[in-house]
Amino acid sequence: MNKSRNSSRRRSPSIRSDETVDYKNASLLRRFVSEQGKILSRRMNRLTSKQQRLVATAIKRARILALLPFSNNES
């Protein structure tokens, strides 16, 4: 029963060594944003706390520069 719960949970890949966390890298940052446009938690992203802080600030900068949407209201 426990395994079925874990397999249904969405797992996004963590940051590879050749990828840089930057606000201009929108394709990387989209992996850490939910369908509704929310920044996913550290547990879901499988990031360290330092990486999560970098990702969060990069997402916020990308949103301000209109590289990422603030919310996704396409439903």
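# A quick tour of a four-helix model

A polar contact of 3.2 Å links the side chain of E19 to the side chain of R31. That's one small detail of a predicted model, and there's plenty more to look at. The protein has 75 residues, and 28% of them are buried. Its make-up is four helices and zero strands, so to speak an all-in-a-row α-α-α-α pattern when you read along the sequence.

**How sure is the predictor?**

- Averaged over the protein, pLDDT comes to 83, and 80% of the residues reach 70 or more.
- Which elements have the lowest and the highest mean pLDDT? Helix α1 has the lowest, at 54, and α4 has the highest, at 94.
- Keep that in mind while you look around: α4 runs over residues 49-64, while α1 covers 2-8.

**How the chain comes together**

- Take the contacts with a separation of 6 or more: 51% of them are between residues 24 or more positions apart.
- Q51 and I15 give you an example of a pair separated along the chain: they're 36 residues apart in sequence, but their C-alpha atoms are 8.5 Å apart in space.
- F32 and N45 are another pair to find, with their positions 13 residues apart in sequence and 6.4 Å from C-alpha to C-alpha.
- F32 sits in the loop between α2 and α3. Is F32 buried or exposed? It counts as buried, because its relative accessibility is 0%.

**Around E19**

- Start with the place: E19 is in the loop that joins α1 (2-8) to α2 (26-30).
- E19 counts as buried because its relative accessibility is 18%, and the cut-off for buried is under 20%.
- Which residues does E19 touch, if you skip those up to four places away in sequence? They are S14, L28 and R31.
- R31 turns up twice here, since it's in that set of contacts and is also E19's partner in the side-chain polar contact of 3.2 Å.

**Around Q52**

- Q52 belongs to helix α4, and it is buried because its relative accessible area is 12%.
- Its side chain has a polar atom 3.1 Å from the backbone oxygen of L40.
- That side chain also makes a polar contact of 3.2 Å with the side chain of N45.
- Setting aside neighbours within four places in sequence, Q52 is in contact with I39, L40, S41, R42, N45 and L47.
- Where does L40 sit? You'll find L40 in the loop between α2 and α3 (42-45).
- L40 counts as buried because its relative accessibility is 12%.
- From C-alpha to C-alpha, L40 and Q52 are 9.3 Å apart, and they're twelve residues apart in sequence.

**Next door, Q51**

- Q51 is in helix α4 too, but this residue is partly exposed because its relative accessible area is 25%.
- A polar atom of the Q51 side chain lies 3.0 Å from the backbone nitrogen of T48.

**Two backbone oddities**

- Here's the background: most residues other than glycine have a negative phi.
- R46 is not a glycine, yet its phi is positive, at about 55°.
- R46 lies in the loop between α3 and α4 and is partly exposed because its relative accessible area is 44%.
- A66 also has a positive phi, near 65°, and it's a residue other than glycine.
- You'll find A66 in the segment after α4. A66 is exposed because its relative accessible area is 65%, with over 50% as the cut-off for exposed.

**The largest pocket**

- How do you find empty space in a model at all? Rolling a probe the size of a water molecule over the atoms shows where space is left.
- The largest pocket has a volume of about 200 Å³.
- Eleven residues line the largest pocket, and V33, S34, E35, G37 and N72 are the ones nearest its centre.
- What kinds of residues make up that lining? Four are nonpolar, three are polar and four are charged.

Key: Residues numbered from 1 in each chain as written. Heavy atoms only, no water. Helix = DSSP H or I, 4+ residues; strand = E, 2+ residues; numbered from the N terminus. Buried < 20%, exposed > 50% of the residue type's maximum accessible area, 1.4 Å probe, protein only. Polar contact = N/O pair within 3.5 Å; in protein donor to acceptor, adjacent residues only side chain to side chain. Contact = heavy atoms within 4.5 Å. 1 Å grid on protein atoms, 1.4 Å probe; cavity = no way out; pocket = protein on both sides within 12 Å on 5 of 7 lines; lining within 4 Å. Points joined across faces, edges and corners; volume = space filled by probe spheres on them. Nonpolar A, V, L, I, M, F, W, Y, C, P; charged D, E, K, R; others polar. pLDDT = per-residue confidence, 0-100.
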